[in-house]
Amino acid sequence: MTSNDMPPMHRRTVLGGAAAVAAGFALAGCGDSGDDNEAPRERKKGQQINLTFWSWVPGIDKPVDLWNGKHPDVQVKVEKVSAVNGAQYAKMHAAIKAGNPPDLGQIEFPVIPSFLLDNGLLDLAPLGAARHKDKFFGWQWQQSVFGKGIYAIPQASGPMGLFIRQDLFDKWDVETPRTWDDYEAAARTIRKKGAWIETFAPTNGNRFAGLAWQAGAKWYANSGDTWIVHIDDEPTRKVADYWESLVKQKLVKTIPDRQNAWYKDLQTGAIPAWVGASWGDALLTGNAPGTKGNWRAAPLPQWQAGDKEYANWGGSTTAVFAKASYPKDALDFAVWLNTDPESIALLIDGGYGFPSAKKGYATGDLDVDKDFFGGQAYSKIFADAGAHVDTSWRWGPGVDTLYQRLGDAFTDALGDGGSFRSVLKKVQGQTISDLKGKGLKVESGG
C-alpha cells in the first residue's frame with residue numbers, strides 16, 4: 001500500500017494531548033491516527049526511482065551529487081527554493097494543498113508544527129526512524145518529535161553569538177561587549193564615531209525569538225490538550241524594552257538585515273557588529289569580501305556578567321512529505337545526508353550551520369572561513385554556545401505566521417512611535433486568535 005493511500009494523520013491527533021506526556025509538549029486534541037501497520041510503498045530490488053528535494057541550503061547540490069553517485073537506483077533531484085521572507089514555506093504549503101509536494105524538503109525547527117497542521121509531513125516512526133536517534137544531539141532530535149511520531153531528521157542548529165569588526169573596535173577603543181550593558185556602552189561609543197553598532201531588524205522575528213529565548217522566555221507551553229501562548233512574558237518584555245531604548249537613543253539602525261543596504265553597511269563599516277548565529281560566517285564571507293581578516297566571533301552578550309545563557313537562531317531538518325513516493329528511500333537519504341562524514345564535510349563547506357549529528361566531524365572542521373576571521377578558531381565560540389542552549393524551549397504551531405505578525409507590528413511601531421511592549425501584547429492576541437482559528441484549544445499565559 002502506498003503512502004498516498006494511507007489515511008492521513010489527523011492534525012488534532014498529531015498535535016494532541018498525548019504528546020504532552022511523550023514529548024514534553026503537545027500540538028492539540030484527539031482523533032484517529034490511522035493504522036501504523038499499513039506499509040508504505042517499497043522499492044523493488046534493482047528498481048530505479050527518482051526523489052525530489054526542495055532546499056535552500058548553500059552547496060546542497062554537492063552532497064546530493066555524492067549520494068547520486070553512490071546510489072544509482074535512488075536518484076535525488078534538488079530544486080532550490082527561495083528562503084526570503086518565508087517564500088519556501090509558502091510554496092511548500094501551496095504544494096501540499098494542491099496535492100503535489102516534493103518527496104523531501106528543508107524545514108526549520110520552528111515551522112515543523114505548522115506543517116503538521118496541514119497533515120503535510122510523514123510520520124517516520126513506523127519506518128524505524130527511532131533507531132537513528134542516538135546519532136543526533138538529543139534536544140535537536142526532539143524538535144521533530146510529537147507524541148510517538150517522528151516527523152523529520154535534524155540537520156543543523158544555529159547557536160547564537162556576536163560578530164564584530166575587530167579592526168574598527170580596536171581603532172575606536174571599543175572592547176568586545178560581554179554583557180548587554182557593555183553592548184549599549186559600545187553602541188554609544190561607536191555612534192560618536194559616526195557609525196551604528198548594528199540594526200534592529202523589525203521584520204526578523206526569528207532573531208528576536210532567539211534573543212527572547214536567551215532571556216528565559218517560554219512562548220509556548222501546554223496543559224493537556226490546550227496550548228498556552230505567552231509571547232508577552234516578562235523575559236520578552238525585557239528584550240523588547242532593551243532594543244526599544246537603543247532605537248529611541250538612535251544607537252542602532254532599523255533597516256532590515258540580510259538585504260542589500262545592510263550588506264553595504266557591513267562592507268563600509270557603517271555597521272561593525274552583528275548579533276548572529278553560527279551560520280553567519282558564510283553570510284559575512286559571501287557578502288562582505290572586502291572585510292576579510294577583520295571579523296571575529298565572540299560569545300553572545302549576557303544579561304548578567306558571568307552567566308552562560310544562550311539560544312538558537314534557525315536550525316533545520318530534512319523532512320519527508322506525507323505524499324512521498326518511496327518513503328523508506330527518502331528516510332534513508334535524509335539520514336545519510338545528515339550523518340555521513342563525507343556529506344557533512346560538503347555541507348560544512350557550503351556553510352549550512354552546526355551539524356546536528358554527534359559524529360563525523362571535529363569542531364575545527366567548521367572553521368572553513370578562518371582566514372576571514374583573522375585566523376581565529378571561531379567555531380569554538382559557537383560550540384560552547386550550543387552546549388549551553390536552554391533546551392527546554394519548544395516551538396508551537398503557527399510560528400511562520402507569528403513571525404509575520406511580529407514583523408508587521410514592529411514596523412508599525414517604528415513608524416508611529418508605538419511601544420515595543422504594545423507589539424508583544426498585540427501579537428499575543430493575534431497568535432491566540434490564529435490558533436483558535438485552526439481549531440486548537442488555546443489560552444493566554446500569565
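Trainee: Where is the place of lysine 250?
Mentor: This is a predicted model. Lysine 250 sits past one helix and ahead of another, helix H11 (260–268). Its place is the loop between H10 and H11.

Trainee: What is the phi of lysine 250, and is lysine 250 buried or exposed?
Mentor: Lysine 250 is not a glycine, yet its phi is positive, about 60 degrees. The cut-off for exposed is over 50% relative accessible area. Lysine 250 has 59% relative accessibility, so it counts as exposed.

Trainee: Which class of accessibility does arginine 258 have?
Mentor: Arginine 258 is found in the loop between H10 and H11, and its phi is positive at about 60 degrees although it is not a glycine. Buried means under 20% and exposed over 50%. Arginine 258 has 33% relative accessibility and therefore counts as partly exposed.

Trainee: How many residues line the largest pocket?
Mentor: The largest pocket holds about 1,500 Å³ of space. The residues closest to its centre are Ala83, Asn85, Gln88, Glu108 and Arg258. The number of residues that line the largest pocket is 50.

Trainee: Which element gives the most to the lining of the largest pocket?
Mentor: Elements that give two or more residues to this lining include helix H4 (87–98), strand S6 (153–157), helix H12 (280–287) and helix H16 (399–416). With seven residues, the element that gives the most is H16.

Trainee: How many residues in the lining of the largest pocket are charged?
Mentor: By class, the lining has 19 nonpolar and 23 polar residues. The charged residues in the lining number eight.

Trainee: What span does helix H17 reach from its first C-alpha to its last?
Mentor: Helix H17 covers residues 420–437, which makes 18 residues. At 1.5 Å a residue, the expected value is 26 Å. The model is close to that, with a span of 26 Å.

Trainee: What arc do the buried residues of H17 cover around the axis?
Mentor: An α-helix has 3.6 residues a turn, so residues three or four places apart point the same way. In H17, the buried residues are Phe420, Val423, Leu424, Val427, Gln428, Thr431, Ile432 and Leu435. They lie on the same side of H17 because they cover an arc of only 160 degrees.

Trainee: Which residues on the other side of H17 are exposed?
Mentor: The buried residues of H17 pack against several elements, among them H9, H16 and strand S14 (441–444). On the other side of H17, the exposed residues are Lys425 and Gly437.

Trainee: Which glycine with a positive phi follows H17?
Mentor: The phi of this residue is near 85 degrees. The residue is glycine 439.

How values were computed
Residues numbered from 1 in each chain as written. Predicted model: local features only at pLDDT ≥ 70, side-chain atom pairs only at ≥ 80, totals over all residues. Heavy atoms only, no water. 1 Å grid on protein atoms, 1.4 Å probe; cavity = no way out; pocket = protein on both sides within 12 Å on 5 of 7 lines; lining within 4 Å. Points joined across faces, edges and corners; volume = space filled by probe spheres on them. Helix = DSSP H or I, 4+ residues; strand = E, 2+ residues; numbered from the N terminus. Nonpolar A, V, L, I, M, F, W, Y, C, P; charged D, E, K, R; others polar. Expected span 1.5 Å × (residues − 1). Buried < 20%, exposed > 50% of the residue type's maximum accessible area, 1.4 Å probe, protein only. Arc of directions from axis to C-beta. Contact = heavy atoms within 4.5 Å.
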